[in-house]
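Let's take a walk through a protein model together. Keep the structure open beside you and find each spot as we reach it.

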Amino acid sequence: MPYFDAASAAPLHPVARQALLASLDEGWADPARLYREGRRARMLLDAAREAAAEAVGCRPDELVFTSSGTRAVHSGVAGALAGRQRVGRHLIVSSVEHSSVLHSADAHERDGGTLTRVAVDRAGAVTVKAYAEALRADTALACLQSANHEVGTEQPVAGVAEVCRAAGVPLLVDAAQSLGWGRVEGDWSLLTASAHKWGGPSGVGVLVVRKGVRFAVQGPADERESGRAAGFENLPAIVAAAASLRAVRAEASAEAVRLRALTARIRARVGAVIPEVEVVGDPERRLPGIITFSCLYVDGEALLHELDREGFSVSSGSSCTSSTLTPSHVLKAMGVLSEGNVRVSLPAGAAEEDVERFLAVLPGAVAGVREKLGAPMSAQVADVRGEELVVDALGRRCPIPVIELAKVIGDVPVGGTVRVLSDDEAARLDIPAWCEMRGQEYVGEEPADRGFAYLVRRLS
C-alpha cells in the first residue's frame, strides 16, 4: 500500500532500524555513570550528538536531545523568551507556523506577552520586509519555520535571520520538515527538529541554542542534557535518530531530484485531468516531496476515504478532516481553497509506478465524491430580492455552501448578487477562494441571525 504521508511521519529508515537494535544491547545503561556500561552509553550519546551537530551545522555543546520535536519547540520558545524578558515580551511568528509554535505563542500571549503574527502570500511565504517591519525595541524572539508542513513552501530564513541579527533579536527556526534535506542557511540563533520527520524513530527531538543566546530553562531544574531536556535519555532512539539523519543526508541530493520530478508530474497532471482544482504552495521554492491541491465541490474526508480504499495513504488540511470542523490555519492564512484538500508527501524511495497509479485513480475518486454530494444535499433558495438571490445553506457543512453557490450563480443577471447564509466556519475561507477561482467578485460577509451572510456579485 503506497504511503504518501511522509510529512506527518516518514517510514523508519533501514539505518535507523539497525542502529536502534544495536544500541538496545549497548546503550541501555545510564550515560551519567562512571562504570563500564555507563561509559559505553556515554560514548554512544556523545557520538550521536556529534553526528547530529555536524548535520545541523552547530557545535555539539549547543545541541540537546528532547523527548519530541514539540517539546523542543516549547522549551526553545519559553527559554528564549525568559532569557530576554528584560528586553521585552514581544514575540513574532508567521501565521503558518506549526501548531507547536502557535500554541507556545498563545501561551505567551495569555501570560501577558505581546504577539505579532506575520501574514503570508497565497503561496504561503512570508517576506523579509514583513519581519523587519514587525521587529520592535521590545522584541524578545522571532520564530520562522524553514519550510511549511502542509504545502511545502520554503521560507526566506537566511534573509529573516539577517534582519533579526541586525536588530539584536534571536531567530528560532522550526526545521522539522527540512532538516533531512539539508542544513538551514542563515545566521539563526535557535533551531528545533524532530527525528520522525526524516526517518528516525518517534520520541526524539533536537533543540539547538547557539552560544551567546540568552536562554533561561523553564520548569524544575534537571541535570540531563545541559539542564535543557529533563529525564533519562532514550539512548537507543537517539542513536538511531542521529544515524538515520546522517544516512538520509547522504542520499538527499539524488533523492531530491527524483522526488521533485515526481511531484512536478503530479502538479501538472492534477490540473490537467481534474476540473476545478487549485494546486497550492510555491511552485518553485518548495520541499522536494510535498504537493498539495484542493478540489472544488469535494468533501476532504470523503476523498481521503476513497483514496484509502484504493490503497493510498494521504493527508488533508481540509476542514472536513478535523473534529473541530474549522479550516487548516495554513490554508486559511494563505487565503486558498480548503475543501477537498489533499497533501501528497512522498517518502524517500517512493516508486514511480505508485505515483502513476495514484494519478490514474484520483480523477475517478474526485468524480465519485462530487457525484455523491451533488444532488441529494441541495440547499433551499429562500427568495429573490430584485437582483439578489438568497441561498440558505445553514446547517450544511463544507463543501455544500459552495456547491449551492455554484448551482445558482447563473440564475442572477451579471451585476446581481447571491447571498449565501451559512454557519460553517469553512465558508468564510472557501467562498472567497471560489470567487477568485471562478472570476466572480466576493463582496464580503455580514452577521446574520444565525451564522453569516456571504455576498457574491456575478461578473460574468
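## Glu276 and its partner

Glu276 sits in the loop between H7 and E8. (Helices, H or I with at least four residues, and strands, E with at least two, are DSSP runs numbered from the N terminus.) Its phi is near 55 degrees, a positive value in a residue other than glycine. Is Glu276 buried or exposed? Neither: at 28% relative accessibility, Glu276 counts as partly exposed. (Buried means under 20% relative accessible area, exposed over 50%, and partly exposed in between, with a 1.4 Å probe and protein chains only.)

Glu276 also forms a salt bridge with Arg438, with the closest N and O atoms 3.0 Å apart. This pair ties together distant parts of the chain, since Arg438 is in helix H12, 162 residues apart from Glu276. (A salt bridge here is a side-chain nitrogen of Lys or Arg within 4 Å of a carboxyl oxygen of Asp or Glu.) Arg438 is partly exposed too, at a relative accessible area of 34%.

## What you're looking at

This is a predicted model, where local features need pLDDT of at least 70 and side-chain atom pairs count only at pLDDT 80 or more, while totals for chains, interfaces and linings use all residues. Residues are numbered from 1 along each chain as its sequence is written, and side-chain values use heavy atoms, with hydrogens and water left out.

## More salt bridges

How many salt bridges does a search of the whole structure find? The count is 35. One of them pairs Glu436 with Arg122, with 3.3 Å between the closest N and O atoms. Glu436 belongs to helix H12 (residues 427-438) and Arg122 to the loop between strand E3 (114-118) and helix H5 (128-134), so the pair links distant parts of the chain, 314 residues apart. Glu436 is exposed at 52% relative accessible area, and Arg122 is partly exposed at 30%.

Another bridge joins Arg419 to Glu446, where the closest N and O atoms are 2.9 Å apart. Here the link runs from strand E13 (residues 417-422) to strand E14 (residues 441-447), with the two residues 27 apart along the chain. Arg419 is buried, with a relative accessible area of 14%, whereas Glu446 is partly exposed at 34%. Salt bridges that share partners also join Asp30, Arg33, Arg224 and Glu233 into one network.

## One helix that fits, one that bends

Now compare two helices with what a ruler would predict. (The expected span is 1.5 Å times one less than the number of residues.) Helix H3 (residues 69-83) has 15 residues and should span 21 Å, and its end C-alpha atoms are indeed 21 Å apart. Buried residues in H3 include Gly69, Ala72, Val73 and Leu81.

Helix H7 (residues 235-273) tells another story. A straight helix of 39 residues would span 57 Å, but H7 covers only 49 Å between its end C-alpha atoms. Where is the kink in H7 centred? Look at Ala252, where there is a kink of about 60 degrees. (The bend at a residue is the angle between axes fitted to the seven residues ending there and the seven starting there.)

## Strands under cover

Strand E7 (residues 205-209) has five of its five residues buried, so it is largely enclosed by the rest of the structure. Gly205, Leu207 and Val209 point one way, and Val206 and Val208 point the other. Four bridges join E7 to strand E1 (residues 63-66) in an antiparallel arrangement, with Val64 opposite Leu207. (Two strands pair if DSSP finds at least two bridges between them.) Strand E6 (residues 190-194) is antiparallel to E7 as well, joined by five bridges, and Leu191 stands opposite Val208.

Strand E2 (residues 90-94) is mostly covered, with five of its five residues buried. E2 and E3 run parallel and are joined by five bridges; the partner of His90 in E3 is Thr114.

## Two backbone oddities

The peptide bond from Cys398 to Pro399 is cis, with omega near 5 degrees. Pro399 is in the loop between strand E12 (388-392) and helix H11 (400-408).

Ser226 has a positive phi, near 60 degrees, despite not being glycine. You'll find Ser226 in the loop between E7 and H7, and it is exposed at 60% relative accessible area.
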